[in-house]
Amino acid sequence: MARFLSDQSKLVVFFESGTYANTSGTGEWPGLVQSHDIVESENVIQTRYLGQLNRNVGTFNPGPTDIEGTVTFIPQDWRLLGFALGSISTTSGTGQTNNYRHSLAEVNTGTRGNAFTSGTFNPFISFSLEESRTGPTTNQQSVRTIRGCVANTYTLNVSQGEPVSVELGIIAQGGSWFSGNSTTVTAGSNRPYLWSDSTFAIAPDLAGTAAVVMEAVKSLSFEINNNFTGPHYVNGSRVIQVPYPVNRDYTVEVTQDLDSTLVGSLYDVYFKGGSLFHAVIDINNTANAGSHRLILTLSGCKMTEMELPAELESVTEVTYTFVPGSVS
């Protein structure tokens with residue numbers, strides 16, 4: 001007998017193409033994974049009935065299976081952000097070898113957005129996760145594969161003095177387990193994105209002119225919530241059919257030291273005055289060869305909450321929340 005220790009744990013991503021919940025190709029490195037927590041619910045149906053002549057549960061029957069999970073990781077690319085938005089298109093750059101521009105765009109339900117997976121239920125971009133725990137004994141490994149994953153929530157976090165991190169919430173269709181060898185994957189070599197690669201700017205108009213960089217941001221988070229529903233149809237199966245997104249929710253929260261040149265705009269114009277604005281989160285990692293840059297454009301933003309406490313000591317902070325009208 002051997003115990004599984006955490007230094008031998010691994011998470012691998014597989015793309016799905018052809019049909020939903022069917023993997024394709026080789027395993028891909030997801031980034032620097034910090035934790036992976038999958039909750040598989042069998043939803044056992046417990047039935048009591050007249051005549052069993054005791055107070056206990058009478059029968060146990062298999063119910064609908066539901067799978068949810070959270071992956072926390074330090075990103076080395078922005079592929080999974082594209083999975084959360086729904087569309088990734090790539091064009092070659094000019095004047096430089098291996099230079100590409102990846103455009104990430106929102107997908108709505110009236111659009112045939114998934115270029116990789118077909119099917120009558122119009123599937124969103126999906127992927128599979130292989131979680132493995134490797135020990136020293138042959139054929140006594142623990143390898144669990146979760147198929148039909150979709151990015152239900154995606155939260156990008158930037159905090160001073162720390163690497164940029166992501167928390168990805170998924171729902172999935174099915175899972176399997178085996179005791180053999182896990183998939184071999186090469187770790188990513190790109191330096192992680194850091195707080196020092198990042199800037200946040202607000203522009204007073206939707207065209208993005210006269211953008212003002214917020215110089216004293218301490219932390220910010222950007223969240224996509226696709227609000228996926230996993231239907232359990234009457235179709236002879238316990239697993240969910242292809243999940244579908246309903247209303248998309250965006251939330252951005254920023255905490256920064258309050259600046260006398262900005263308090264009028266933030267409080268009076270955008271929060272109390274209700275003016276819409278344009279914002280950009282720019283994360284430019286110049287440590288790697290070529291350009292590894294994310295420009296997240298938030299258009300038609302509306303300030304919804306603001307906290308402006310007066311404290312006995314330290315610098316006055318302001319925390320504000322806003323909702324973008326669209327994101328690319």
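Val-263 is partly exposed, with 29% relative accessible area. In this predicted model, Val-263 belongs to helix 2, which covers residues 263-272. Once neighbours within four places in sequence are set aside, the contacts of Val-263 are with Leu-258 and Asp-268. Trp-78 stands 185 residues from Val-263 along the chain, and the C-alpha atoms of the two are separated by 33 Å.

Helix 2 is one of two helices in the chain, alongside 24 strands. The box that holds the C-alpha atoms, taken along the principal axes, is roughly 75 × 55 × 45 Å. Of the 328 residues in the chain, 38% are buried. Among contacts with a separation of 6 or more, 64% are between residues 24 or more positions apart. The accessible surface of the chain is about 17,600 Å², and carbon and sulfur atoms contribute 49% of that surface.

The charged side chains come next. The chain carries 29 negative and 17 positive side chains. The centres of these two sets are 10 Å apart. Side chains of opposite charge can pair when their charged atoms come close. The structure has ten salt bridges, and three of the pairs are followed here.

One of the salt bridges joins Arg-238 and Glu-42, whose closest N and O atoms are 2.9 Å apart. Arg-238 is in the loop between strand 18 and strand 19, while Glu-42 is in the loop between strand 4 (32-41) and strand 5 (45-47), so this salt bridge ties together parts that are 196 residues apart in sequence. Both ends of the pair fall in the intermediate class of accessibility: Arg-238 is partly exposed at 33% relative accessible area, and Glu-42 is partly exposed at 39%.

Another salt bridge connects Glu-131 with Arg-144, again with a stated separation of 2.9 Å between the closest N and O atoms. Here the partners sit in strands: Glu-131 is in strand 11 (residues 127-133) and Arg-144 is in strand 12 (residues 142-159), so the pair ties together parts that are 13 residues apart in sequence. Glu-131 has a relative accessible area of 6% and is therefore buried, since the buried class takes in residues under 20%. Glu-131 and Arg-144 also belong to a network of salt bridges that includes Glu-40 and Arg-133.

A further salt bridge is formed by the side chains of Glu-317 and Lys-218, at 2.7 Å from N to O. This pair links distant parts of the chain, with Glu-317 in strand 23 (residues 317-323) and Lys-218 in strand 17 (residues 217-225), 99 residues apart. Glu-317 is partly exposed, with 30% relative accessible area. Lys-218 has a relative accessibility of 21% and so counts as partly exposed; the cut-off for buried is under 20%.

The surface also has a nonpolar patch. Phe-121, Tyr-233, Tyr-244 and Val-246 make up this patch, and their accessible area together is about 380 Å². Tyr-233 is placed in the loop between strand 18 (228-229) and strand 19 (244-245). That loop between strand 18 and strand 19 also holds Arg-238, the partner of Glu-42. With a relative accessibility of 39%, Tyr-233 counts as partly exposed.

Two loop residues remain, each described by its backbone angle. Asn-122 has a phi near 50 degrees, which is a positive value in a residue other than glycine. The position of Asn-122 is in the loop between strand 10 (117-118) and strand 11. Strand 11 is the strand that contains Glu-131. Asn-122 is partly exposed, at 33% relative accessibility.

Ser-314 likewise has a positive phi in a residue other than glycine, here near 70 degrees. Ser-314 is in the loop between strand 22 (292-307) and strand 23, and strand 23 is where Glu-317 of the salt bridge with Lys-218 is found. The relative accessible area of Ser-314 is 72%, so Ser-314 is exposed; that class begins over 50%.

Key
Residues are numbered from 1 along each chain as its sequence is written. This is a predicted model: local features need pLDDT of at least 70, side-chain atom pairs count only at pLDDT 80 or more; totals for chains, interfaces and linings use all residues. Side-chain values use heavy atoms; hydrogens and water are left out. Helices (H or I, at least four residues) and strands (E, at least two) are DSSP runs, numbered from the N terminus. Buried means under 20% relative accessible area, exposed over 50%, partly exposed in between (1.4 Å probe, protein chains only). Contact means heavy atoms within 4.5 Å. Accessible areas come from the Shrake-Rupley method with a 1.4 Å probe; for residues, only the protein chains shown count as cover. Lys and Arg count as positive and Asp and Glu as negative; His and the chain ends are not counted. The place of a charge is taken as NZ of Lys, CZ of Arg, CG of Asp or CD of Glu. Patches are made of residues with over 30% relative accessible area and no salt bridge: like charges are joined within 9 Å, nonpolar side chains (Val, Leu, Ile, Met, Phe, Trp, Tyr) within 5 Å. A salt bridge is a side-chain nitrogen of Lys or Arg within 4 Å of a carboxyl oxygen of Asp or Glu.
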